[in-house]
Every structure is written in C-alpha cells, then in structure tokens.
Amino acid sequence: MGSLRIMFLLCLSAAAMSVVRSEDPYLFFTWNVTYGTISPLGVPQQAIFINGEFPGPNINSTTNNNIVINVHNNLDEPFLVTWNGIQHRKNSWQDGVLGTMCPIPPGTNYTYHFQVKDQIGSYIYYPTTAMHRAAGGFGGLRVNSRLLIPVPYADPEDDYTVLIGDWYSKSHTALRKFLDSGRSLGRPDGVLINGKSPKGDGKEEPLFTMKPGKTYKYRICNVGIKNSLNFRIQGHPMKLVEMEGSHTVQNTYESLDVHVGQCFGVLVTADQEPKDYYIVASTRFTKTVLTTKGIVRYTNGKGPASPDIPEAPVGWAWSLNQFRTFRWNLTASAARPNPQGSYHYGSINITRTIKLINSATKVDGKLRYAINGVSHVDPPTPVKLAEYYGVADKVFKYDTIPDDPPAEAVDKVTLAPNVLNMTFRNFIEIIFENHEKSIQSWHVDGYSFFAVSIEPGRWTPERRRNYNLLDAVSRHTIQVFPKSFAAILLTFDNAGMWNIRSELTERRYLGQELYASVLSPARSLRDEYNIPDNTLLCGIVKDLPKPPPYEI
C-alpha cells in the first residue's frame, strides 16, 4: 500500500512539474505615462511619454508569451491603451477600449495581462481615450516566431520598427475641443517618422544604419490619425514578407501605401553604393502633399544622399492595384507548424452578411460620424461589463442597426451605443461600404479576417464572383477607397465583446465604431476567461456583486 501511495505522489509531482514547465514565458513591464514637451515640427507642444520615451518603448515578444504591463497613469485625465491586432483569445477584458474596460483614473495604475497566443507579426499599441492618440502614447509591438517554427526567409542582420504618421502641432486638448464644438480637424501639419520630422539635410543623426551586403527587416506601421502614407527607401526595393501577422507571397515594391493602423514587414538589402539614402513618407489622397524624409546610412558610407527623392504614386487606382498584389503565403507556417494555406476559408458557407455604411452628418448642428445611421456613444458603464453583470438592458440595446440598410437610412443619424449580437462560431461576411469622397480605414479587434475584395462602386451579391477565395491575406485592418467597398470574411470564434472601428481617430471619436457581442452559450472557461480580479469597475456595476465565475 505504501509503495502505491509513493508512486501516486510521484505521478502527482511529475504532473505538477509538467504544468510548471509547459506554462509560457512571462514578460514584465512597468510603464509611467506622463506629459512631456516635444517640438517635432518646430513648435513646442505637449506630448504623452511612456517611461520618458516618445514614441513609447518597443515591446519585443515571442509567440505565446504572457505580457504583463503595469500602467501608471500620471496624466490629468483617464487613460487606456489598446493593442492593435493582438487577438486576446478568450480575453476581451484586456482589449483596452472603452466598451470593455473602465479607463485608468489619473494618479492610479492598472496591470494588463494578456497572451500573444498563436500569433506572429508586426503590431502597434496606442491610447483609445479622448484624443490622446494625437499626442503620442503609441509604440511598436512585435511578436517573433518561436525557434522551432521555420520562417520563410533568412534571419535579418537587424530588425527595425518604423512608425510613420501624420501629426498636428496643436495639443490633443485643443483638437478635442475642435471636435466637441462640432468641427472637423482639417489637415495635419506634418508627417513624423519615429516621432521626428527630420530635415533630411544630412546633418542630423541617421534614423537607421546598414552594413554593406546585409539584409534588414523594417516593420513599417502607420500610427497616424488621418492620412494614408506612402513609404519608400531611396534606391532600395522592399521585399514584402509579412503583413499584420501573416506571411505573404514575397513580391518586391518600390514603395508601399500604408493606411492608418496597418503594418508591413519588408526586407531591404544594403547592396547599393555606400553612402546616405533617404527614407521618405508622404501623405496620399490629399490636395497638399506633406512629406518627411530621414537618413539611412551605410556603416562605411561616404557622401550625402542624392537630392533626387523618389516620386510618390498619384491617385487611388494605383493603391487599389497594389492591394490586389498582396497574397497569403500558403506554404509558410505562421505561429503554428501547419502551413497557413491548410485553412481553406473559401470553402466555408457564409451564414450572415452584414453591410456597414459609414456616413458624416450634422446632429444638432455638430459633426458626427455614423455606421448604418447610428453614431456610437460610450456609456458610463462599459458595454462588456454591463453584459457580464446582467444589466445590459439598463445601458444599451442590441442590434439597433440593420444588417442591410437601405441607402437613405444612413442619412438620419441617432446617437446611441452600437452593439451587434454575433452567433458564436458563425462564419460572417462583412461589407464596408463607403459612399463618401474620402478614404476609410477599418479595424476589427479580437480577430484576423480575410480581406477578399476591394472594388469601386456599391456591393451586390454578384460581386462575390470577384472574391479571392484562395490566398487573400489574413489581417486586421483594411482600407476602403472613396465610393467603393471592401469585403471581409471571418469566423466569430473568439468569445467576448469586440470593437469594430474606424482607425481614423476623428471619426472614431465622433461615433464611427460599434461592438460585436460574441457570447458562448456554454458560459465555459473553455470559451472565455473569467473577469480578472483587478478589473476596474465604473458606472452602474461599481457596487454590484460579482456574477458566479465560469467553470469548465
């Protein structure tokens, strides 16, 4: 009997050891969020720093890492950060948007804890409160492949994050007052590369250096708030290898249009004459083109960059054609060992089609942006918390917008929380239809989707004949050109409350967003994590008893 008991204890001990060993590594960060002064366009202005850095620090992680970030809010306003493109499987509690979380009050802290589960690629983080994104608080977030998963290119000599974005010289509080008074922001004042607007005269320090003959990875992300940007490196073609978490077919480009919220991973080889070269970012689809240029320097370089800056493309037909060249690499493995192409999304039956039409209109004399005639307003109680605590009926109504709105329905706008019910694990088609004359950029939290089509005109079911049902790139942000539509396909298999929003900050702030409620009927830990113990509570749930936890 004693020997049996010893064997049982040994088995228990081994099981405990295996649990400890199998838990994925943790990365711990402490962030102090403060105001500071910068002058990127020659005018001193207030910016948001993280640990004294603008832009904020790069998060360098690996697939399945647990990321723990203790955010101390030393601003004078509530603050939240979202992790753009991180899927937070079963964990919308950490998504960092006002529909899922109460903001961190001034002078306090909150610890995010999330896992970059089954993901690789190039991402960004940024603030979602007020107009804070226009002041900084953003940075790069990379998820490297695990060593045992082959990557479809040789290891680069170095890995650079390039954050490009338009920039306003007015403070975030001034910009917010513009919007609150019913006015639009107008055009930006400049373009920044990694928080700087270099003169490009060869006198400043280079933004990046390259050794002759070596190949480098550049992760290019548009962290701006309004404008699509074209990115190019003088004399150096770029081989596209990754886009928002997917390996791509490795086409080569002289320049790339990067729309707001999007990220591209490219390889660049230092195979030119050793000297300085310009990297250039310029606005697209604007009457006045804003351009900034910085220096890439060869380590043995002699001589300044040529003053002949490569030209940017003109018009959006060029950009649409470039989108059509982006293809999923079907044979490469992403975060898991199986090839990306082993998931045959094109053969799954669509169970629901949702058409989302954006609009701009005046409500009581003030500018508002809407989806299908509803301009979203964040209630004092986050919609996820209201739903979890069983008081949703006191905070919002589900399904206030139709799946297929008549064109005239978008002209009359209502201000209300905009929450759609989604059936767990259903395969859905979403059409983003843009009747306006300006480009849009749409993002879906909690998921990657297949960007199967962007076409001019309005969508009809016949347009499905032109869908890419084989190798559309799986990604999280898609542009919609003027008077055009974009079609995406995805399975709503990630339980939680997920934000679908315009990446154009002015439009999101003034209502162009909604939430998708994806409830698991089982209410099981297999489908969704329990509410974290450190969750901040606000609104009507502040003093309510916590609902019973989910169980397996």
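User: What makes a side chain positive or negative in the charge count of this chain, and how far apart do the centres of the two sets lie?
Analyst: Lys and Arg are counted as positive, Asp and Glu as negative, while His and the chain ends are left out. Each charge is placed at NZ of Lys, CZ of Arg, CG of Asp or CD of Glu. On that basis the chain has 56 positive and 51 negative side chains, with the centres of the two sets 1 Å apart. The model is a predicted one, in which local features require pLDDT of at least 70 and side-chain atom pairs pLDDT 80 or more, whereas totals for chains, interfaces and linings use all residues. Residues are numbered from 1 along each chain as its sequence is written, and side-chain values use heavy atoms, without hydrogens and water.

User: Why is the chain described as compact as a globular protein of its length?
Analyst: The chain has five helices and 33 strands (DSSP runs numbered from the N terminus: H or I of at least four residues for helices, E of at least two for strands). Its radius of gyration is 24 Å, close to the 24 Å that the globule rule gives for 552 residues, and the chain is therefore as compact as a globular protein of that length. The radius is taken over C-alpha atoms, and the rule is 2.2 Å times the number of residues to the power 0.38. Along the principal axes, the C-alpha trace spans about 80 × 70 × 55 Å.

User: What share of the chain is buried, and what share of its accessible surface belongs to carbon and sulfur atoms?
Analyst: Buried residues (under 20% relative accessible area; exposed is over 50%, partly exposed in between; 1.4 Å probe, protein chains only) make up 57% of the 552 residues. The accessible surface, from the Shrake-Rupley method with a 1.4 Å probe, comes to about 22,400 Å², and 54% of that area belongs to carbon and sulfur atoms.

User: Why is Thr381 called buried, and which backbone atom does its side chain reach?
Analyst: Thr381 counts as buried because its relative accessibility is 4%. This residue lies in the loop between strand 23 (374–375) and helix 4 (383–388). Its side chain reaches the backbone nitrogen of Ile540 at 2.9 Å. Beyond neighbours within four places in sequence, the contacts of Thr381 (heavy atoms within 4.5 Å) include Val395, Cys538 and Ile540.

User: How do you know that Glu506 and Ser184 make a polar contact?
Analyst: A polar contact is a pair of N or O atoms within 3.5 Å; within protein, one must be able to donate a hydrogen and the other to accept it, and residues adjacent in sequence count only if both atoms are side-chain atoms. The side chains of Glu506 and Ser184 come to 2.9 Å and make such a contact. Glu506 is in helix 5 (residues 505–509) and, at 6% relative accessible area, is classed as buried.

User: Why is a lysine such as Lys355 called buried, and where is Lys355 found?
Analyst: Lys355 is found in strand 21 (residues 352–363). Its relative accessible area is 12%, so Lys355 is buried. Leaving aside residues within four places in sequence, its contacts include Asp403, Asp404, Glu433 and Trp459.

User: What makes Asp399 and Arg425 fall into separate accessibility classes, and what is notable about their phi angles?
Analyst: Asp399 has 37% relative accessibility and therefore counts as partly exposed. Arg425 has a relative accessible area of 52% and is therefore exposed. Phi is near 55° for Asp399, a positive value in a residue other than glycine. Arg425 also has a positive phi, near 70°. Most residues other than glycine have a negative phi, and most peptide bonds are trans. Asp399 sits in the loop between helix 4 and strand 24 (414–415), and Arg425 in the loop between strand 25 (419–423) and strand 26 (427–434).

User: Which peptide bond is cis, and what is its omega?
Analyst: The bond joining Phe54 and Pro55 is cis, with omega about -10°. Pro55 is in the loop between strand 2 (45–50) and strand 3 (59–62).

User: Why is Ile531 called buried, and how far is Ile531 from Ser92 in space?
Analyst: Ile531 has a relative accessible area of 6% and is therefore buried. Ile531 and Ser92, 439 residues apart in sequence, are 9.4 Å apart C-alpha to C-alpha. Ile531 belongs to the segment after strand 33 (513–519) and touches Trp93, Leu385, Tyr388, Tyr389 and Lys546, not counting residues up to four places away.
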